[in-house]
Amino acid sequence: MGALIAAALLSILFLANQSKLLAARPSDGAATAWPISPKWLLVVAGLLAGACMSTDAAVRDWGPLYLTGHFALDFSFSGLGYAAFASSMAICRLAGDRARTFMGEKQLLAISTGLVIAGLSIVAFAKIVPVALFGFVLLGIGVSNIFPTLLSMAGRRGDASNIVVVFATGYIVALAAAPSFGILAEATSLANIYLLLAGMFLFAGTAFVRVANRF
C-alpha cells in the first residue's frame, strides 16, 4: 500500500511539472510532423523503461523464492537465477554500442523485447532448474540494452530533461508494479510474476517500436 501511495504522489508531481521537464523543442521543426506529441513519445519510452526496472527487481527479489519454492532448490543455490540474469546482462551490455550500430536502434529494441518475452515465458513454464536458468540468461541478454538505448534516444530529442522524463516515468511504473508482484504471488503463484512482466513488455515494447521512428 505504501508503494502505491508513493507511486500516486510521484505521478501527481510528475504531471504537475511536465511543462518544465518538456520545455525543450526540436530545433529542426520536426515536431510539427509528429502524429503524437513529444511528451507522449517520452512517456511511451518510460513505460518500456519501467518494465526493465521491474524485471530487475522481480528477478533479484522474487527469483530466489521462485527457485527454492517452485523447484525445491537448496537455499544455498537460490541466487543462481539472479547470477545468470545479471552476468548475461552485463556481458551483453558491453557489446551494446556495436549491436546498435550493426542493426539499428529500432531493430535492436524489437529483438531485445522478443528475447525478454521468450525468457520470461521460459522461466514461468520451466519444469526443471536448468531450463529456468536458461530463461534467466535469455532474459538478461534481452533486457541488457533496452534501457540504455531508450535513454540515448530520448537524449537526442532535446536536452537532459527528456532523459529525466523517461527515467521518472519508468521509476513510477516500477514502483507501482512492485506491490502487484507480491499480491499476485500470494493469490496465485510466483510463476505468474514473470507472466505479468511478459505482458508488460508485450504492451510497452509493441507501443514503443511503433513510434520509435519518430525519435
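## Helix α10 and its two faces

In this predicted model, the face of helix α10 turned away from its buried side carries the exposed residues Leu-202, Phe-203 and Arg-210. The buried residues of α10 include Ala-191, Ile-193, Tyr-194, Leu-197, Ala-198 and Met-200. Further along the helix, Phe-201, Ala-204, Gly-205, Phe-208, Val-209 and Val-211 are also among those buried. Why do the buried residues lie on the same side of α10? They cover an arc of only 165° around the axis, and this places them on the same side. A general property of helices is relevant here: an α-helix has 3.6 residues a turn, so residues three or four places apart point the same way.

The length of α10 can also be checked. The helix runs over residues 191-211, a total of 21 residues, and at 1.5 Å a residue it should span 30 Å. The C-alpha atoms at its ends are 31 Å apart, which agrees with that expectation.

## The packing of α8 and α9

Helix α8 comprises residues 146-156 and helix α9 comprises residues 160-187. How do these two helices pack? Their axes are 7 Å apart and form an angle of about 145°, and the crossing is right-handed.

On the side of α8, the contact is made by Phe-147, Leu-151, Ala-154 and Gly-155. On the side of α9, Asn-162, Ile-163, Val-166 and Phe-167 take part. Of the residues in this contact, six are nonpolar, two are polar and none is charged.

## Ser-144, in the loop before α8

Ser-144 is located in the loop between α7 (129-143) and α8. Is Ser-144 buried or exposed? Its relative accessibility is 0%, and Ser-144 therefore counts as buried. Leaving aside residues up to four places away in sequence, Ser-144 touches Met-89, Cys-92 and Arg-93.

## Asp-61 and Ala-72

Asp-61 belongs to helix α3, which covers residues 38-70. With a relative accessible area of 43%, Asp-61 is partly exposed, because that class falls between the limits of 20% and 50%. Asp-61 and Tyr-82 are 21 residues apart in sequence, and their C-alpha atoms are 8.9 Å apart in space.

Ala-72 is found in the loop between α3 and α4 (80-94). Although Ala-72 is not a glycine, it has a positive phi of about 55°. Ala-72 counts as exposed because its relative accessibility is 66%, and exposed means over 50%.

Conventions:
Residues numbered from 1 in each chain as written. Predicted model: local features only at pLDDT ≥ 70, side-chain atom pairs only at ≥ 80, totals over all residues. Heavy atoms only, no water. Axes fitted to C-alpha atoms, helices over the stretch in contact; angles between N-to-C directions. Helix = DSSP H or I, 4+ residues; strand = E, 2+ residues; numbered from the N terminus. Left-handed = near helix turned anticlockwise from the far one by under 90°. Contact = heavy atoms within 4.5 Å. Nonpolar A, V, L, I, M, F, W, Y, C, P; charged D, E, K, R; others polar. Expected span 1.5 Å × (residues − 1). Buried < 20%, exposed > 50% of the residue type's maximum accessible area, 1.4 Å probe, protein only. Arc of directions from axis to C-beta.
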